[in-house]
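Open the model in your viewer and show side chains as sticks. The stops below are given in the order in which to select them.

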Amino acid sequence: MEQPQAAMVASEAGAGDDTDVYRIRPLELGDISKGFCELLAQLSPSTPLTEDAFRNRFAELARLGADHLVLVAEDAATGRLAAAGAVLVERKFIRRCGTVGHVEDVVVDAAARGRGLGERVVRRLVEHAKGRGCYKVILNCTPELTGFYAKCGFVEKNVQMGLYF
């Protein structure tokens, strides 16, 4: 996947004490062995992916280039992943063929919560969307998480509805 330079910076001013402990970077093929699927299972339980399924989806998303970015936070000491999130860039006709960023699948490992990792990942995803020219970034979340996303600059707007298959 394309690796924007902003996502490759390990340290940032004011990000908390863990800036040297966790490196936020784009998802890599080898991340399947660093706990990526187990991390996502904390967000939404699902059947584990085979390595082939992971590789195929990774390749599919890589073909989308900068319009689909998955970031992970890797623990420098253990090499395990402690957080992840994604942003998808939707190309629209409205707003003079504008683009909208959709933040998805944000998760922080239960053992790493409370360290600002989720906020750092979300901020990087938003920066990426802004850099792609998005006029807004949206996401869906549970009511319990509205406070977290408010800290990231999001405001509650509209109502989400879903139709699941």
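A residue counts as buried when its relative accessible area is under 20%. The model is a predicted one.

**Stop 1: aspartate 67 and arginine 132**

Select aspartate 67. Its relative accessibility is 15%, so aspartate 67 falls among the buried residues. Now add arginine 132, which is partly exposed at 34%. The side chains of aspartate 67 and arginine 132 form a salt bridge, with 3.0 Å from N to O. Aspartate 67 sits in the loop between helix 3 (51–62) and strand 2, while arginine 132 sits in the loop between helix 5 (117–131) and strand 5 (134–138), so the salt bridge ties together parts that are 65 residues apart in sequence.

**Stop 2: arginine 25 and its partners**

Go next to strand 1, residues 22–26, and select arginine 25 there. Is arginine 25 buried or exposed? Arginine 25 is buried, because its relative accessible area is 0%.

Which side chain is joined to arginine 25 by a polar contact of 2.8 Å? That of glutamate 74. The pair also qualifies as a salt bridge, at 2.8 Å from N to O. Glutamate 74 belongs to strand 2 (residues 68–75) and arginine 25 to strand 1, so show both strands: the pair links distant parts of the chain, 49 residues apart. Glutamate 74 is buried, as is arginine 25.

Keep arginine 25 selected and add glutamate 28. These two residues form a salt bridge as well, with 3.7 Å between the closest N and O atoms. Glutamate 28 is partly exposed, with a relative accessible area of 29%.

To see the wider arrangement, extend the selection to Asp31 and Lys34. Salt bridges with shared partners join Arg25, Glu28, Asp31, Lys34 and Glu74 into one network. The model has 10 salt bridges in total.

**Stop 3: two residues with positive phi**

The last stop concerns the backbone. Most residues other than glycine have a negative phi.

Select arginine 96 in helix 4, which spans residues 94–97. Its phi is positive, near 55 degrees. Arginine 96 is exposed, at 82% relative accessibility.

Then move to strand 4 (residues 99–108) and select aspartate 105. What is the phi of aspartate 105? The value is near 50 degrees, again positive in a residue other than glycine. Aspartate 105 is partly exposed, with a relative accessible area of 43%.

Definitions and conventions
Residues are numbered from 1 along each chain as its sequence is written. This is a predicted model: local features need pLDDT of at least 70, side-chain atom pairs count only at pLDDT 80 or more; totals for chains, interfaces and linings use all residues. Side-chain values use heavy atoms; hydrogens and water are left out. Helices (H or I, at least four residues) and strands (E, at least two) are DSSP runs, numbered from the N terminus. Buried means under 20% relative accessible area, exposed over 50%, partly exposed in between (1.4 Å probe, protein chains only). A polar contact is a pair of N or O atoms within 3.5 Å; within protein, one must be able to donate a hydrogen and the other to accept it, and residues adjacent in sequence count only if both atoms are side-chain atoms. A salt bridge is a side-chain nitrogen of Lys or Arg within 4 Å of a carboxyl oxygen of Asp or Glu.
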